[in-house]
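Welcome to a short tour of this chain. Take a moment to turn the structure around before reading on.

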Amino acid sequence: MRLTGFRSVFAAAALLFGSAQAAPFSLFSFLFPGSEWDVNGDGLVRVTLLSVPELDGGIRAANLCADLEKMLKAGMSRPVRVNHEPVTQGKSLMSWYYHPDAGEARARLFPGEIDLVLLAEDASVVTGYPEFFFEGVRAISGRLDPKKTKAMVLLTVRPGTSYRDKRVSAVANCTYRVAEGCGLEVIPGAYAWTQTLARNRLRGDSSIKARAGAFLYAASVWSSIANNRAPSAACQTDWTVKETARQLTESALEAVREERDKSHFAGPFKGTVRVEPRIRNRLKIFLPNTAEEDPVRLNFEAVLDAARVEAFWRTPADWFRDGFDRYSTCFDFVFGDIPQIDVYRNRSLYTSPDPQPTNVPPPAVAVFTRLPEGTREDRVVLENLETLLFKGYDYAKENGLVYIPYPLAWARAREQRPELAVLETSGKPGDWLDYMLANMLYTVISERFQPPPENAGPHLASLAHPYGFHEACARIGYTTIVQLASLRTVSNTLLLRSDAGRAGRGAPAFASVRLLDKPAADVTVYCATDKPEAAELSRTELLFTPDNYDIEQTVRIDPVTNAPAVFTYFMAGARSEDPGIDGRNDVRPIVLNYDEQVACTVRFDRDEVSPATGFAVRISASDRPADIVCARIRQNGLVAQERYLVPEYADGAMFRLHPTEEDYRRGEIQIDVYLSSTDLRFNGRKIAQTFKLWKPEGVLPDLRLVEPVRDVPIKGPAFVSARAESDATTGVSRITLYLGQKGLLARHGTSCAAPVESGPPQSRLPSGTYQLWAEAETTNGTVIATRPQLLRVE
């Protein structure tokens with residue numbers, strides 16, 4: 001068949017560029033050079049590099065832009081302009097986006113006149129602060145109109161001396177993960193230097209390494225867009241010979257072909273901003289803050305109430321007032337700002353046992369950064385945003401804690417609606433901002449979003465604070481946590497509501513499910529329990545469409561077993577072609593066939609103690625409790641300790657026996673354990689237990705309370721001191737003073753003196769009756785305690 005006219009032109013082009021060895025080719029771009037660069041179609045190709053002035057390894061961004069502009073001018077006939085937008089407000093893209101001094105630069109970038117925006121983050125930020133690297137890329141790319149501007153992430157790493165350098169892989173892992181989470185393409189510029197070293201095109205210690213690095217980055221940008229090697233005309237340089245430059249363009253093309261579509265990461269991301277869900281009907285929370293009217297706590301309580309989650313709260317005030325020991329139960333969650341967490345991390349505070357118990361799992365400990373105290377201007381916060389976030393992040397990372405980036409959520413709220421970020425309103429400083437922080441705390445410990453209740457406003461909310469402010473701030477707080485924890489822009493999820501955590505014959509439990517946001521495709525939610533032989537569901541599949549996503553669908557849960565007190569979990573998981581909701585899931589614990597008439601008790605792991613085996617005993621529940629069980633251990637006429645048994649851990653808790661001289665004479669220790677709980681199977685029960693006591697050889701230490709004087713009342717409120725002494729010849733190595741169940745002070749030696757305080761340090765002892773006692777420990781492990789001595793303050 002004879003080809004004429006346009007057919008012959010297309011056939012010639014196909015023969016010229018259609019071989020399997022040729023790079024991918026666009027016929028349109030061949031006929032109209034530069035069309036793939038001119039995204040907005042205005043006839044002028046504009047490219048902007050957004051980065052610090054000097055990239056890692058001494059590579060100057062200005063050289064990169066000059067090389068890229070030279071390549072573009074050599075490869076197309078269109079007008080070209082490549083400029084560098086320097087990041088000078090900090091060292092991260094995030095700081096440039098939020099800093100007030102970068103307002104003019106942002107006004108130039110976002111209107112849509114720029115065809116290509118290259119985002120290059122410093123490698124120290126990529127690997128050291130991946131969540132904030134993501135935030136910078138997300139925020140900038142989210143403001144760009146994809147129909148007018150194309151955004152790409154440029155992978156940059158300090159050029160190494162060997163092609164086996166592992167730093168490239170470490171930076172690429174995070175860069176590709178962030179780019180995929182933001183829906184962007186990565187330009188593998190750093191791998192171009194690896195290709196150069198692998199093929200001996202330059203030495204690792206070459207004097208032109210930094211200049212060659214800039215050229216390789218530019219060539220990688222060209223090859224990623226044009227799908228071929230940079231034009232030969234661009235290889236004429238003043239810093240190396242043309243042949244070397246040409247070989248560098250080969251390295252760039254090889255890097256793009258080999259690395260652009262390769263998977264550089266695997267598995268979910270786990271950083272310092274993360275969620276650590278605890279699936280509980282009752283969360284055990286320790287807040288290292290003595291303030292009774294803490295706004296964050298009150299708003300967090302409101303969120304938990306809306307989510308129908310019970311909470312067991314303890315603070316240092318409980319230690320000062322009642323002697324509550326921080327190690328008497330295994331907490332699920334601890335949170336506070338940096339000074340509060342500093343106090344919590346001192347393991348010797350608010351506890352009588354020494355050392356810390358090791359048989360309980362550690363809690364999730366989250367630290368947040370507050371806004372600068374006394375700040376009245378948004379500009380001050382924005383100027384110091386990067387410093388605030390990096391300081392808190394470093395603190396959390398160094399100590400293995402979860403970081404809650406509250407200042408970043410505040411900046412997001414200000415960007416969305418400036419009135420949300422007002423630092424002082426109606427005499428109540430930012431209570432919707434406190435509500436946002438409370439929602440961030442809830443997301444960390446549950447991986448859920450809890451909408452504000454419609455029938456009642458959050459705590460501390462005044463009439464001047466519209467309901468919509470709390471709704472908007474709650475969403476911003478939730479989105480900030482889940483996006484930074486996963487390095488993905490999606491934030492849709494399931495909303496699972498369960499009114500009761502128990503189900504029985506004739507009294508089923510119910511779980512209701514809906515979606516948070518409108519999905520892009522139909523969503524099937526699969527429902528199940530982890531014990532299908534014990535529970536039956538009325539429905540196992542729920543279908544949500546973009547039309548009914550916000551309408552709750554309910555599942556009934558009925559027990560199909562007669563076994564008493566069966567613990568199970570109701571699970572819901574979403575599957576969809578919409579990646580924003582696919583894989584999201586939620587879980588709720590449920591107790592089947594709970595019978596409060598069944599009598600339950602506690603047990604002990606042994607029934608005899610001695611100096612050789614120690615005086616620590618483990619107490620555990622005979623049956624798994626449905627709620628926390630408080631075991632008050634009474635010995636020598638007073639409650640010496642409290643231990644809390646929880647449903648999640650069957651190991652129980654350790655407590656210590658305190659034998660007196662009379663106990664050694666009898667050869668036994670008698671204790672009474674009083675149980676209290678909302679689980680009526682345990683509540684109100686008393687258990688008497690006797691432990692055989694082996695007397696050590698030799699003379700027992702003579703331990704005495706010498707201060708205050710026995711049976712002499714003290715006029716209060718007053719500062720009171722206590723002192724205990726022992727004979728130095730009996731081998732006493734340590735003495736501890738107690739006020740009731742609270743350890744006041746422990747000293748090595750034969751004497752110990754301490755102030756008697758029932759409140760925070762340096763407080764006077766108010767009127768009342770108190771019980772003082774002491775305990776001594778010898779070098780051979782013998783322990784002896786005094787009988788309690790009454791102290792009356794009038």
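Accessible areas here come from the Shrake-Rupley method with a 1.4 Å probe. On that basis, the chain of this predicted model has an accessible surface of about 34,700 Å², and carbon and sulfur atoms account for 49% of that area.

**The chain as a whole**

The C-alpha trace spans about 115 × 65 × 55 Å along its principal axes. The chain has 794 residues, and 55% of them are buried. Its secondary structure comprises 20 helices and 37 strands. If we look at contacts between residues at least 6 apart in sequence, 70% of them join residues at least 24 apart. As for charge, there are 93 positive and 98 negative side chains, and the centres of these two sets lie 3 Å apart.

**A helix under cover**

Let us move to helix α9, which covers residues 189-198. Because 9 of its 10 residues are buried, α9 is largely enclosed by the rest of the structure. The buried residues are Gly-189, Ala-190, Tyr-191, Ala-192, Trp-193, Thr-194, Gln-195, Thr-196 and Leu-197. Which elements cover them? The cover includes the strands β6 (150-154) and β7 (185-187), together with the helices α8 (167-181), α10 (209-226) and α11 (242-259).

Thr-194 is one residue of α9 to zoom in on. Buried means under 20% relative accessible area; Thr-194 has 19%, so it counts as buried. Leaving aside residues up to four places away in sequence, Thr-194 touches Tyr-163 and Val-168. After α9 comes Asn-200, which has a positive phi, near 55 degrees.

Ala-66 sits in another helix, α3 (residues 61-75). Is Ala-66 buried, partly exposed or exposed? Its relative accessible area is 44%, so Ala-66 is partly exposed. If you want a ruler across the model, Ala-66 and Asp-337 are 271 residues apart in sequence, and their C-alpha atoms are 47 Å apart in space.

**An open sheet**

Four strands build an open sheet, ordered β13-β15-β19-β17, with antiparallel pairing. At its edges are β13 (494-498) and β17 (535-537), each of which pairs on one side only. Neighbouring strands in this sheet are turned by 25 degrees against each other on average, direction ignored. Between β17 and β19 (residues 553-559), Leu-537 has Ile-557 in β19 as its bridge partner.

**Strand β31 and its partners**

Strand β31 (residues 720-726) has two faces. What lies on the covered face, and what on the uncovered one? Val-720, Ala-722, Ala-724 and Ser-726 make up the covered face, while Ser-721, Arg-723 and Glu-725 make up the uncovered one. This strand is joined by bridges to β30 (residues 703-707) and also to β34 (residues 751-756). Ala-724, from the covered face, is the bridge partner of Leu-705. Ser-721, from the uncovered face, has Pro-755 in β34 as its bridge partner.

The table lists the strand pairs described above, with the bridges that join them.

| Strand pair | Bridges | Direction |
|---|---|---|
| β17 and β19 | 3 bridges | antiparallel |
| β30 and β31 | 4 bridges | antiparallel |
| β31 and β34 | 6 bridges | antiparallel |

Key:
Residues numbered from 1 in each chain as written. Predicted model: local features only at pLDDT ≥ 70, side-chain atom pairs only at ≥ 80, totals over all residues. Heavy atoms only, no water. Pairing = 2+ DSSP bridges. Axes fitted to C-alpha atoms, helices over the stretch in contact; angles between N-to-C directions. Buried < 20%, exposed > 50% of the residue type's maximum accessible area, 1.4 Å probe, protein only. Contact = heavy atoms within 4.5 Å. Lys, Arg positive; Asp, Glu negative; His and termini not counted. Charge placed at Lys NZ, Arg CZ, Asp CG, Glu CD.
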